[in-house]
Amino acid sequence: MKKSVMISLLLFIGIVLAACSDEGSSNEESSNNEQNENNQLNVSLAAEPVSLDPHAANDGNSLYVMNAMYDTLVEQNTDLEIQPALAESLEQIKDTVWEAKLREGVTFHDGSTFNAEVVKANLDRVLDPEIGSPLAFLFDMIEEVEIIDDYTVHIKTEYPFSALPSHLAHPGGHMISLESINKDNEAIENGEQPFTTINDHPVGTGYFQFEERSIDGEISLAKNNEYWGEEAGVDSVTFRSVPEDQTRVAEIQTGNSDIIYPVNANNVEEIDTNEGTYVKRSESASMTYVGFNVEREPFTDERVRQAIAMTINKDEIINGTMNGIPIPAESPLAPTVFGHSDRLQPIEQNVEEAKELLAEAGYKDGFETTVIAYDTTTSDIATVIQSNLQQIGIQVEIQMTEIGNYLEVTGNGGADMFVGSWGTVTLDADYGLYPMFHSANAGSPGNRSFYANEEVDDLLEKARQEGNDEKRLELYQEAQQIIINEAPIVPLYHSVLLAGLRDEVQGFYQFPSSFPYLRDVTKEE
């Protein structure tokens, strides 16, 4: 009997101890989960990336995600200076030859080695016309990439091009693993479209590495513990597509998101006055504009375009839809960009003169047209433009679509008018003007107006070949004045970048290009 009681007592103690042990384990697991959750970063963007292949996409949402996974040979630091990255040095050893000394010991997320062969394969690929990269314009001055040894390459250009380091720092210069490129080439030979393989399985050298893409488009990245530089401050980051402005606001207010971008200017006060959230403002290198397809009637006539430019009320757009935050744009280049000039003569608002120009062009009673927009902000802008143009008899129908279709339609010349934006990522006028206005880049590379002017082409070509900065500025000023006068676009405003953050997010920086820099981000209690 005593033995039976003793066994029962031991069993009871064992159960209690086990329960305590399980509770301790449960508490520990709960604590670990909470700790891991606290070191996860959730970012909500306005749309899904078009692609995760650096040679396939030049839209903001794609670049925001890719910047965390890939590295370039050189990069901009937060002082906007070019500094070494995958290349320890980049030196112009002749007028048309740049020598890159590459960093040794760097591995891709798939374990393969970064070396000179990889650099050549990447630059050859982005320039390959059969691949058809929309970012080829960034590097079309490159004639040859020569491998000197395992960690040295010579980049030979067709002409002296002083802005090459800035172009190599662009996300179009992200380095993809050679194995990934080879797999994509094999897939193409088997009938797949270019870029498909790498979009599905992106492999870079960045401080985060790709984990998965869910069926609803959520993209998960994990910290790269083998990163060659300073490691990321959080363990993981998840990007979600949240198209509606107000829904993104709710995401950050409830803590479902740590960072949201962009923030609609009309939501700034709501976020700033909410406990635990705020809006970080950063200067930009972007321009928002309304563009015309100059190959479509009646926009083939510059008088029609000038009349519209004279009628659009930029102050109404900025104060009425953007809460007075952006700065009015008189030219395509923001003040942060090399090549910006205060000596340009913009088209001033003058509704009566606009009516006279329309009459001269044969449209005294106006005409009907369409404008395409892709989100709340561009829709709000289009609504103001619609109202403004009624003053001169132009009836505008607003067509709303999602960003992917917008890019396809405007890139294929399927729009009459469109509200768009362009960020001069390199902070150099070559990138701000050459893609948007050179006739060789008509369509998806950037010239969605399909604008062609031989004099502008010549000025832009001379400017990118000119080594003297003062002469470059003169050439860019002349080109911009012609562009303003002929009005293939109407510059509306230069943005102030608005990102919504939780208070616990520290170390966040946003480049004027609008790219968020997530490496140094931490989450503090």
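**Entry 1: a helix to start with**

Which strands does helix H10 lie across? I looked up residues 314-321, which make up helix H10, and found that this helix lies across E14 and E18. Against E18 it runs at about 40°. Note to self: this is a predicted model.

**Entry 2: the whole chain**

I stepped back to get the overall picture. The chain has 16 helices and 23 strands. I then checked its radius of gyration, which is 27 Å. A compact globule of 525 residues would come out near 24 Å, so the two values agree. Along the principal axes, the C-alpha trace spans about 115 × 55 × 45 Å.

Next I looked at how much is tucked away. Of the 525 residues, 55% are buried. The chain exposes about 22,700 Å², and 43% of that comes from carbon and sulfur atoms. I also looked up contacts between residues at least 6 apart in sequence: 69% of them join residues at least 24 apart.

**Entry 3: the six-stranded sheet**

Back to the strands under H10. E14 and E18 sit in an open sheet of six strands, in the order E14-E18-E13-E17-E15-E16, with mixed pairing. Which strands are at the edges? They are E14 (327-328) and E16 (395-400), and each of these pairs on one side only.

A reminder from class that helps here: strands of a sheet pair through backbone hydrogen bonds, either parallel or antiparallel.

A second helix turned up on this sheet. Helix H12 (residues 376-389) lies across E13, E15 (368-373), E16, E17 (417-423) and E18. Its angle to E16 is about 170°.

**Entry 4: strand E13**

I picked strand E13, residues 286-292, for a closer look. How many of its residues are buried? Seven of the seven are, so E13 is largely enclosed by the rest of the structure. Both faces are covered. Ser286, Thr288, Val290 and Phe292 are buried on one side, and Met287, Tyr289 and Gly291 are buried on the other.

Then I went through the pairing partners of E13. Four bridges join E13 to E18 (residues 489-494), and the two run antiparallel. In this pair, Thr288 stands opposite Tyr493. E13 is joined to E17 by seven bridges, and this pairing is antiparallel too. Here Met287 has Trp422 as its bridge partner.

**Entry 5: Ser286**

I stayed in E13 and zoomed in on Ser286. Is Ser286 buried or exposed? Its relative accessible area is 11% and the cut-off for buried is under 20%, so Ser286 counts as buried.

I wanted to know what Ser286 touches. Leaving out neighbours within four places in sequence, its contacts are Ala334, Trp422, Gly423, Tyr493, His494, Ser495 and Pro512. With Ser495 there is also a polar contact between the two side chains, at 3.4 Å.

**Entry 6: the seven-stranded sheet**

There is another open sheet to write down, this one with seven strands. Their order is E8-E9-E10-E1-E11-E19-E12, and the pairing is mixed. Its edge strands are E8 (208-213) and E12 (277-283), each pairing on one side only. Ignoring direction, neighbouring strands in this sheet are turned by 25° against each other on average.

I looked at the E8 end. E8 and E9 (residues 219-223) run antiparallel and are joined by five bridges. One pair I noted is Phe208 with its bridge partner Lys223 in E9.

**Entry 7: two loop residues**

Last, I checked two residues outside the strands. Val242 is in the loop between strand E10 (236-241) and helix H7 (245-254). With a relative accessible area of 8%, Val242 is buried. Beyond its neighbours within four places in sequence, Val242 is in contact with Ser44, Leu45, Ala46, Thr247, Arg248 and Glu251. I also looked up a distance: the C-alpha atoms of Val242 and Gly432 are 28 Å apart, with the two positions 190 residues apart along the chain.

Where is Asn267? Asn267 is in the loop between strand E11 (259-261) and helix H8 (268-273). Its relative accessibility is 7%, so Asn267 counts as buried. Not counting residues up to four places away in sequence, Asn267 touches Asp245, Gln246 and Val249.

Key:
Residues numbered from 1 in each chain as written. Predicted model: local features only at pLDDT ≥ 70, side-chain atom pairs only at ≥ 80, totals over all residues. Heavy atoms only, no water. Pairing = 2+ DSSP bridges. Axes fitted to C-alpha atoms, helices over the stretch in contact; angles between N-to-C directions. Rg over C-alpha atoms; globule rule 2.2 N^0.38 Å. Buried < 20%, exposed > 50% of the residue type's maximum accessible area, 1.4 Å probe, protein only. Contact = heavy atoms within 4.5 Å. Areas by Shrake-Rupley, 256 points an atom, 1.4 Å probe, with all protein chains shown as cover. Polar contact = N/O pair within 3.5 Å; in protein donor to acceptor, adjacent residues only side chain to side chain.
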